[in-house]
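Here is a set of questions about how the labels on this model follow from its values. Each answer sets a value against its cut-off.

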Amino acid sequence: MQCPPLKITFLGTGTSSGVPMIGCDCAVCSSPDKKDKRLRSSILVESANTTIVVDTTPDFRYQMLRANIKKLDAVLFTHPHKDHIAGLDDVRAFNFFQKKPMDIYANSLTEESIKHEFAYAFTDKKYPGIPNLNLVTIDESPFRIGDIPVIPILVWHLKMPVFGFRFGRFTYITDANRIDDDEKEKIKGSDAMVLNALRKEKHISHFTLDEAVALVQELQVPKAYFTHISHQLGRHEEINADLPNGIELAWDGLQLQEEKFTG
Ligand SMILES: [Zn+2]
Ligand SMILES: [Zn+2]
Ligand SMILES: [Zn+2]
């Protein structure tokens with residue numbers, strides 16, 4: 001599928017508690033470096049005429065304001081954990097200005113959670129002003145949002161299936177700690193990828209920094225950015241300096257705009 005040139009914006013790069021974490025005065029949480037301030041993980045994927053957000057975090061409203069997003073065509077969900085869906089109510093503003101429902105692309109597991117957590121948006125008699133959501137159920141089949149082709153990639157978050165997504169030659173994966181071999185094939189050939197790397201110590205449902213580095217090297221993707229970062233990982237500047245060539249920590253506000261993300 002042809003993919004137009006894309007611009008990727010990191011709206012948030014933090015783990016579920018965000019960085020700084022409430023009540024914590026560790027070296028990372030008290031760092032003055034803006035790259036150590038991480039809202040919950042989400043990206044914006046834009047072509048010249050289509051804008052998609054991946055996940056609506058608890059910080060969604062502020063992420064839209066901070067990145068000055070005036071138009072949004074669709075929300076694409078990775079999985080139903082709270083740090084990835086909590087901000088969905090605030091798509092109301094886009095409903096109001098765009099005068100249409102928001103297209104919500106999610107697998108059936110995530111859809112069930114959305115219907116449960118935001119039950120008021122799915123009742124017969126709707127209170128005025130509630131979010132207007134158009135649920136589109138996705139599985140592993142490729143699809144298209146506007147002019148952007150999307151290939152779902154099934155990854156594992158302990159025992160929960162999570163969707164990563166490939167857009168042209170760019171791949172976004174968060175909240176994984178295992179990827180099956182046939183799904184890895186879908187990632188190969190990407191010019192750039194995003195992968196979650198929580199911290200250095202082992203975790204039951206997230207890749208560690210070393211595991212994430214090893215996977216990028218195995219897949220031979222030339223450029224990789226790590227996200228869903230915990231305060232336990234360490235300060236951006238120090239950790240980033242030690243990473244192999246071609247691999248860096250993402251940070252809030254980082255934009256990737258490369259002609260080579262065409263496919
Ligand atoms: Zn998460
Ligand atoms: Zn801390
Ligand atoms: Zn999760």
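**Labels and their grounds**

Q: Which residues touch the most other members of the largest nonpolar core?
A: In this predicted model, V45, L76, F167 and F170 do so, within a core of 30 residues. Strand β8 (residues 148-157) gives the most to this core, namely 4 residues.

Q: What makes the residues touched by L76 count as contacts?
A: A contact requires heavy atoms within 4.5 Å. Leaving out residues up to four places away in sequence, L76 touches I52, V53, V54, D55, Y105, I138, F143, I145, V150, F165 and F167. Apart from the core of L76 lies another one, of 27 residues, with M160, I173, L195 and L219 among them.

Q: Why is I151 called partly exposed?
A: The class between buried and exposed runs from 20% to 50% relative accessible area. I151 has 30%, so I151 is partly exposed. This residue is found in strand β8.

Q: Which residues is I151 in contact with, leaving aside neighbours within four places in sequence?
A: They are P142, G164, F165, R166 and K186. As for G168, its C-alpha is 8.5 Å from that of I151, with their positions 17 residues apart in sequence.

Q: What makes H79, H81, H157 and D175 the protein donors of the zinc ion (ligand 3)?
A: A donor is an N, O or S atom within 2.8 Å of the zinc. NE2 of H79, ND1 of H81, NE2 of H157 and OD of D175 lie 2.2 to 2.3 Å from this ion, so they meet the cut-off. Along the sequence these donor residues follow the spacing H-x1-H-x75-H-x17-D.

Q: Why is the arrangement around the zinc ion (ligand 3) irregular?
A: Four donors count as tetrahedral if all angles lie between 85 and 135 degrees. Here the 4 donor atoms subtend angles of 89 to 173 degrees, and the arrangement is therefore irregular.

Q: Is H79 buried or exposed?
A: Buried means under 20% relative accessible area. H79 is at 0% and therefore counts as buried. H81, at 30%, counts as partly exposed.

Q: Which residue coordinates both the zinc ion (ligand 3) and the zinc ion (ligand 1)?
A: D175 coordinates both, and the two ions are 3.5 Å apart. The zinc ion (ligand 1) is coordinated by D83 (OD), H84 (NE2), D175 (OD) and H228 (NE2), at 2.1 to 2.3 Å.

Q: What makes the site of the zinc ion (ligand 1) irregular?
A: The angles among its 4 donor atoms are 93 to 163 degrees. A tetrahedral site needs all angles between 85 and 135 degrees, so the upper value rules that class out. The site is irregular. In sequence its donor residues are spaced D-H-x90-D-x52-H. The pair of H84 and H228 links distant parts of the chain, 144 residues apart: H84 is in helix α2 (residues 82-85), H228 in the loop between β12 (223-227) and α7 (236-241).

Q: How do you know that H84 is buried?
A: The cut-off is under 20%, and H84 has a relative accessible area of 0%. H228, with 1%, is buried on that criterion too.

Q: Why is the site of the zinc ion (ligand 2) called tetrahedral?
A: Its 4 donor atoms make angles of 106 to 114 degrees. These fall between 85 and 135 degrees, so the site is tetrahedral. For reference, the ideal angle for four tetrahedral donors is 109.5 degrees. The donors are C24 (SG), C26 (SG), C29 (SG) and H231 (ND1), lying 2.1 to 2.3 Å from the ion. Their spacing along the chain is C-x1-C-x2-C-x201-H.

Q: How do you know that C29 is buried?
A: Its relative accessible area is 8%, and buried means under 20%. C26, at 25%, counts as partly exposed.

Q: Why does Q232 count as partly exposed?
A: Exposed requires over 50% and buried under 20%. Q232 is at 42%, so Q232 counts as partly exposed. Q232 lies in the loop between β12 and α7.

Q: What makes a residue part of the lining of the largest pocket?
A: A lining residue has an atom within 4 Å of a pocket point. The residues that line the largest pocket include R61, M64, L65, D90, F94 and F97. α3 (92-98) and α1 (60-66) each supply at least two lining residues, and the largest share, 4 residues, comes from α3. The volume of this pocket is about 290 Å³.

Note on methods: Residues are numbered from 1 along each chain as its sequence is written. Chains are lettered from A and ligands numbered from 1 in the order in which they are written. This is a predicted model: local features need pLDDT of at least 70, side-chain atom pairs count only at pLDDT 80 or more; totals for chains, interfaces and linings use all residues. Side-chain values use heavy atoms; hydrogens and water are left out. A nonpolar core is a set of buried Ala, Val, Leu, Ile, Met, Phe, Trp, Tyr and Cys residues joined through side-chain atoms within 4.5 Å. Buried means under 20% relative accessible area, exposed over 50%, partly exposed in between (1.4 Å probe, protein chains only). Donors are N, O and S atoms within 2.8 Å of the metal (3.2 Å for Na, K and Ca); water is not among the atoms, so sites may look incomplete. Four donors count as tetrahedral if all angles lie between 85 and 135 degrees; four count as square planar and six as octahedral if opposite donors are over 155 degrees apart and all others between 65 and 115; anything else is irregular. On a 1 Å grid over the protein atoms alone, a cavity is a set of points where a 1.4 Å probe fits but cannot get out, and a pocket is an open set with protein on both sides within 12 Å along at least five of seven lines; lining residues have an atom within 4 Å of a point. Grid points are joined across faces, edges and corners, and a volume is the space filled by probe spheres set on the points.
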